[in-house]
Amino acid sequence: MSLSGKVALVTGAGQGIGRGIALRLARDGADIAIVDINGSNMEKVAGEVVALGRKATIFRADVGDRAQVYAAVDHAESALGGFDVMINNAGIAAIGPIASVTQEEVDRLVRINMEGVLWGIQAAAAKFKARGQKGKIVSASSVAGHDGFAMLGIYSATKFAVRGLTQAAAREYASDGITVNAYCPGIVGTDMWVTIDRRFSELTGVPLGATYAKYVEGIALGRPETPDDVAALVSFLAQTDSDYITGQSIITDGGLVYR
């Protein structure tokens, strides 16, 4: 367990990919700070972490609020006795043509998907430096952060922004021994894709499930992605085996987008 003795904070850890990441890091030896805006699922995930023999703590936070992100990092350090890995996983999607995008939609996506990552990078790096130690920061981008997808224009823009933040932060924090990377999932069978599929159906008239099936058909490995597929890459980026990797936004999609 190469994360043995480490403390990792995972945002958006109450469900989906975030839950998968939290459990994988726990299996690999880390104690986990579970952070989410929805408190209903956090206790359950914490119980799953404890069942794996690791410590867990929960903290409710809106990642779009800088002060709350800093408070979450402070809580993780205080409750678990250290701080080594920051996973900026929380994110939201919005589906619709560019022509119909509203100011409110833009503000919401930028606040959560881009600013939430920015505050997470900032707070984690400040904590690592205050503790006089190296650290790992890993954030959620997307295949939509490498290719702009129709009907996902603003979402794609925020995920492109994560790649830019990742590169800039990697350069700024390299001398402190802090690596900054991102993971770029594809078509993952989570509640987010249920929402995306339903919205595509409403906007285009295609049957429910058709959009999901269309994208899955384009995956070279022949199956949709699971949270465990994403978590395997994230765990690698959180461990010492990835110490010479920084500033990268790595696609994990089974062969959908190629870079």
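## Sheet, helices and hollows

D36 sits opposite R60 in β3. That's a handy way into this model, which is predicted, so let's start with the strands around that pair and work outwards to the empty space.

**The sheet**

Strand β2, residues 31-36, runs parallel to β3, and the two are joined over 5 bridges. They belong to an open sheet of 7 strands with parallel pairing, and the order reads β3-β2-β1-β4-β5-β6-β7. At the edges you'll find β3 (56-60) and β7 (249-252), each of which pairs on one side only. From one strand to the next, the twist averages 20 degrees.

**Helices on the sheet**

Helix α1 (residues 16-27) packs on this sheet and touches β1, β2, β4 (85-88) and β6 (178-185). Its direction makes about 170 degrees with that of β1. Then there's helix α8, residues 227-238, which lies across β4, β5 (135-140), β6 and β7. Against β6, helix α8 runs at about 170 degrees.

**Pockets and cavities**

Now for the hollows. Here are the volumes and the lining classes side by side.

| Site | Volume | Nonpolar | Polar | Charged |
|---|---|---|---|---|
| Largest pocket | about 1100 Å³ | 24 residues | 14 residues | 6 residues |
| Second largest pocket | about 310 Å³ | 7 residues | 8 residues | 5 residues |
| Largest cavity | about 30 Å³ | 7 residues | 1 residue | no residues |
| Second largest cavity | about 30 Å³ | 3 residues | 3 residues | no residues |

Which residues lie nearest the centre of the largest pocket? They are A90, G91, I92, A93 and M192, out of a lining of 44 residues. Several elements chip in at least two lining residues each: α1, β2, α4 (103-131), α5 (153-173), β6 and α6 (191-204). The largest share comes from α6, with 5 residues. So helix α1, already met packing on the sheet, turns up again in the wall of this pocket, and strand β2, the partner of β3, does too.

The second largest pocket has 20 lining residues, and K134, G135, K136, G177 and D243 are the closest to its centre. Here β5 and β6 each supply at least two residues of the lining. Helix α8 lies across both of those strands. Strand β6 is also among the elements giving at least two residues to the largest pocket.

What about space that's closed off? A search of the whole structure turns up 2 cavities of 30 Å³ or more. Lining the largest cavity are L9, T11, V35, A61, V63, V69, A72 and M86. Strand β1 (7-11) and helix α3 (66-80) each provide at least two of those residues. No charged residue features in that lining, which splits into 7 nonpolar and 1 polar.

The second largest cavity is lined by T11, V63, N88, A90, G116 and V117. T11 and V63 are also in the lining of the largest cavity. A90, meanwhile, is one of the residues nearest the centre of the largest pocket. By class, this second lining has 3 nonpolar and 3 polar residues, again with no charged ones.

Notes:
Residues are numbered from 1 along each chain as its sequence is written. This is a predicted model: local features need pLDDT of at least 70, side-chain atom pairs count only at pLDDT 80 or more; totals for chains, interfaces and linings use all residues. Side-chain values use heavy atoms; hydrogens and water are left out. On a 1 Å grid over the protein atoms alone, a cavity is a set of points where a 1.4 Å probe fits but cannot get out, and a pocket is an open set with protein on both sides within 12 Å along at least five of seven lines; lining residues have an atom within 4 Å of a point. Grid points are joined across faces, edges and corners, and a volume is the space filled by probe spheres set on the points. Helices (H or I, at least four residues) and strands (E, at least two) are DSSP runs, numbered from the N terminus. Ala, Val, Leu, Ile, Met, Phe, Trp, Tyr, Cys and Pro count as nonpolar, Asp, Glu, Lys and Arg as charged, and the others, Gly among them, as polar. Two strands pair if DSSP finds at least two bridges between them. Axes are lines fitted to C-alpha atoms, for helices over the stretch in contact, and angles run from 0 to 180 degrees between N-to-C directions. Contact means heavy atoms within 4.5 Å.
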